[in-house]
Structure formats: structure tokens, C-alpha cells
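Here's a quick briefing to read with the model open next to you. Take a look at the fold first, then dip into the bullets in whatever order you like.

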Amino acid sequence: MQAIKDASQLAAGTGLIDSFARSITYLRLSLTDQCNLRCRYCTPGAGQKLRRAALLRYEELLRFVRIAVDLGVRKVRLTGGEPLLRHEVLPFVTDLAAVPGLADIRITTNGVLLEQCAEGLYAAGIRKLNISLDTLQPERYREITGADLFSQVWRGIERAQELGFEKIKLNVVALRGVNDDEFIDLARLTLTRPWQVRFIEFMPVGGAAVWDRSRYISSAEIMERLGALGELVPAADSGINGPARLYRLPGSLGSLGFISPISNHFCDRCNRLRLTAEGMLRSCLLSDQQTDLKTILRDGGDDEAIRRAILEAIRHKPKGHALKPGEVGDCHGRMSRIGG
Ligand code: SAM
């Protein structure tokens, strides 16, 4: 496969291929930098919020997505900050679902507003949800997130299941001394529910860098601990499910995922492009290299200028990142603003 050098080389169906022959099909949109939680590993302080005018408007996002889909993007994930906090998000999702060629729209949420939004999301066409939940203990939830909202989030997850969402994935950031005594309980959820519980290695990025780095636990260690529940059997779709390596517990309805950005980089399979809440196009979470898309959009840039910006960002997509346990990446942006 040839790397694309400019827009004129994009024949129909060629798709977006970066300099390392990776096919870029997946766009992560951060809808807002604001969040209704203050997870200690993500947004430790209140921080400075972007002004509303600094956020890309929905019509700008839709224009960008249409062009990205024309170029080869097939999947969009809405994230943030907390995407469900963004004003009028449900009509936006409906408009997004109408973009021709966009087959797959997903959302990553902390679940705080899920109970009230689940039905609207389902009606808008979303079938796959990632919900962040690091603990099953209400008091611990409050300590980690700064909000006493465990039960509300749990009700949201159950509501989503009732409505029939096809895929419910629970994202657990693995933190030594914080929630590692709950890995077994969290994994056990998959015995009785068709959910995917995903353990994510703690990344020392952005706001997280101020937190204690000794919290990191590798996926290998988590898997070893889960061995107490029986042999972890590789799931049939393991390896093709984005960054997660998938396993099942014997007799389980759901699956377990292990996401190892530190111990087992998945950069060689990375198919992602990101748009930050303030309109910066980034090709790697862990690199500060970015293209100012908002200025192009607001200075009257035509579709060709936007196409060029996308190709430029993809051309500069780094081969990989070099984060190791305990190191701080060269990513100084906060997760909430870039879109985790
Ligand atoms: N507010 C939404 C949520 O909570 O799911 C979306 C944004 S949040 C930044 C996206 C994901 O990034 C969450 O699953 C969160 O746990 C994860 N995350 C944040 N900081 C992280 C870190 N330092 N290491 C690993 N994962 C992190």
C-alpha cells in the first residue's frame, strides 16, 4: 500500500493510508473539555474551561465529519470531557447518524447522565457504549471521582442494557492501591452480563502526570490476578477489536478486554485521528503535534483546505509513542480536552 501524499491521489475507495501503511478509519471527536466528574487520574483540579465560543460548533463538526468520511473514515467516537454534557447533544448525534457512509457511531461516557440520555442515544442510532467505571464501591467511587454518583451511573448502565444496546463496555483504569482489590469483582460481572469489562493501563499523561506513578499495573499482572477465576480463554474476536486483547472466563456471557498502551503498544495497528474540543486535529494521543482546524473552518477554508489538513495530520502521524511505566509523555494537553 502506498502512503498518500496529497488529496489528488485519493481515488475513490483508496482510503486514508499513513506513512507507515496504517489505514486511518477511526475518528475520535471530543465534544467538550468539561466534565461533571473530577477523576483524580484525569482532571485533578477544576482547571480552566474552554469558553463556549472556543468549542467547534455542531455544524462545523458535521462538515468536518462529512469530509473525513468521504476520505475513508468509517467510525466516529464521541468523547471529551463528558460528551453528554454538551448542550443539544442528542440532535447532533441524530444529524451525525445521517452522514452518508458513516457506519458506526459510538460514545464514551462516564454514565452520569446515561439514565436520562440512553433512550435518546438509542433512538439516534447509537448501539455501542463505553462507560467508565473504576469501582463497584459507592464510597470509593466518590473518592476517585469527587462525586457521590455511583448508583446513578449504575442505573444508567442497567437502563442501557434494558434498551438493548448491542455492546456495553465498561472501562476500568487499573490503579494500584486504589481499585486493584476489585479486579476480580469487576471481571465477575461478565459471568452474568453480556458486557465487556476492559482493564486499561494507567497512562502518565496530562493531568494524570501529577498523580503518583507507582499506581501503574501492567495488563500481564492484572491477567495473572484474574487467573483466580479460572483460565482466561482468548475470545474469538481477539486481536480485531481495536486496542483491546479479548478473553473470556469459562461460561461467561461477556468478555474481558486488556488495553495496554504502556506494556504492549498498539501503535502499529493504530487507525485513529482525533479532533479536540477546540478544533485541533491530532493523529496521536501522546504527541503534541496538531493542526489548527478551527482556524481553517472559521477563516472560510473550502473543503479542499480541510481535506489537505486531514491528509497533513495523517502524514505526520508518528510511528509510535515511547511511553514506559513511570514516564511522562510529551503530551501536555489534558485528556479531557484532547478526548481520552
Ligand atoms: N468522560 C468520558 C468518560 O469518563 O468516559 C470520556 C472522556 S475520558 C477522558 C475517556 C477515558 O479515558 C475514560 O475511560 C478514562 O477512564 C480514561 N482515562 C483518563 N485518564 C486516563 C489515564 N491517565 N490513563 C488511562 N486512562 C485514562
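What follows covers the chain as a whole, the sheet, the ligand site and a few single residues.

This is a predicted model, so keep the cut-offs in mind: local features need pLDDT of at least 70, side-chain atom pairs count only at pLDDT 80 or more, and totals for chains, interfaces and linings use all residues. Residues are numbered from 1 along each chain as its sequence is written, and side-chain values use heavy atoms, with hydrogens and water left out. In short, you're looking at a chain of ten helices and twelve strands with a ligand that the protein covers to 94% of its own accessible area.

**The chain overall**

- The ten helices and twelve strands are DSSP runs (helices: H or I, at least four residues; strands: E, at least two), numbered from the N terminus.
- Of the 340 residues, 55% count as buried, where buried means under 20% relative accessible area, exposed over 50% and partly exposed in between (1.4 Å probe, protein chains only).
- The accessible surface of the chain comes to about 14300 Å², and 49% of that belongs to carbon and sulfur atoms; areas come from the Shrake-Rupley method with a 1.4 Å probe, and for residues only the protein chains shown count as cover.
- Among contacts (heavy atoms within 4.5 Å) with a separation of 6 or more, 74% link residues 24 or more positions apart.

**The sheet**

- Twelve strands make up an open, mixed sheet in the order S7-S8-S9-S6-S5-S4-S3-S2-S1-S10-S11-S12; two strands pair if DSSP finds at least two bridges between them.
- The edges are S7 (233-234) and S12 (290-292), each of which pairs on one side only.
- At the S7 edge, two bridges pair S7 with S8 (residues 245-248) in the antiparallel sense, and Pro234 has Tyr247 in S8 as its bridge partner.
- S3 runs parallel to S2, with four bridges between them, including the one that partners Lys75 with Asp104 in S3.
- S3 also runs parallel to S4, again over four bridges, and here Ile107 has Leu129 in S4 as its bridge partner.
- Six of the six residues of S3 are buried, and four of the five in S4 (residues 128-132) are too.
- In a regular strand the side chains alternate between the two faces of the sheet.
- Both faces of S3 are covered: Asp104, Arg106 and Thr108 are buried on one side, and Ile105, Ile107 and Thr109 on the other.

**The ligand site**

- The shell holds 18 residues, and Tyr41, Gly81, Glu82, Ser132 and Met203 come nearest; a residue is in the shell if one of its heavy atoms lies within 4 Å of the ligand.
- By type, the shell divides into seven nonpolar, nine polar and two charged residues (Ala, Val, Leu, Ile, Met, Phe, Trp, Tyr, Cys and Pro count as nonpolar, Asp, Glu, Lys and Arg as charged, and the others, Gly among them, as polar).
- A polar backbone atom of Gly81 is 2.9 Å from a nitrogen atom of the ligand.
- Glu82 puts a polar side-chain atom 3.0 Å from a nitrogen atom of the ligand.
- From the side chain of Ser132, an N or O atom is 2.5 Å from an oxygen atom of the ligand.
- On its own the ligand has 540 Å² of accessible area, and the protein covers 94% of it.
- S3 and S5 (167-174) are the elements that give two or more residues to the shell.

**Asn110**

- Asn110 sits in the loop between S3 (104-109) and H3 (114-124) and is buried, at 6% relative accessible area.
- Its side chain makes a polar contact of 2.8 Å with that of Asn36; such a contact is a pair of N or O atoms within 3.5 Å, and within protein one must be able to donate a hydrogen and the other to accept it, while residues adjacent in sequence count only if both atoms are side-chain atoms.
- The Asn110 side chain also reaches the backbone nitrogen of Val112 at 2.9 Å.
- Leaving out residues up to four places away in sequence, Asn110 touches several others, including Cys35, Glu82, Ser132 and Tyr141.

**Two more buried spots**

- Gly80, in the loop between S2 (75-79) and H2 (89-97), is buried at 7% relative accessibility.
- Gly80 and Asp33 are 47 residues apart in sequence, yet their C-alpha atoms are 5.5 Å apart.
- Ser255 is in S9 (residues 255-259) and is buried, with a relative accessible area of 8%.
- Beyond its neighbours within four places, Ser255 is in contact with Thr190, Trp195, Gln196, Val197, Tyr247 and Arg248.
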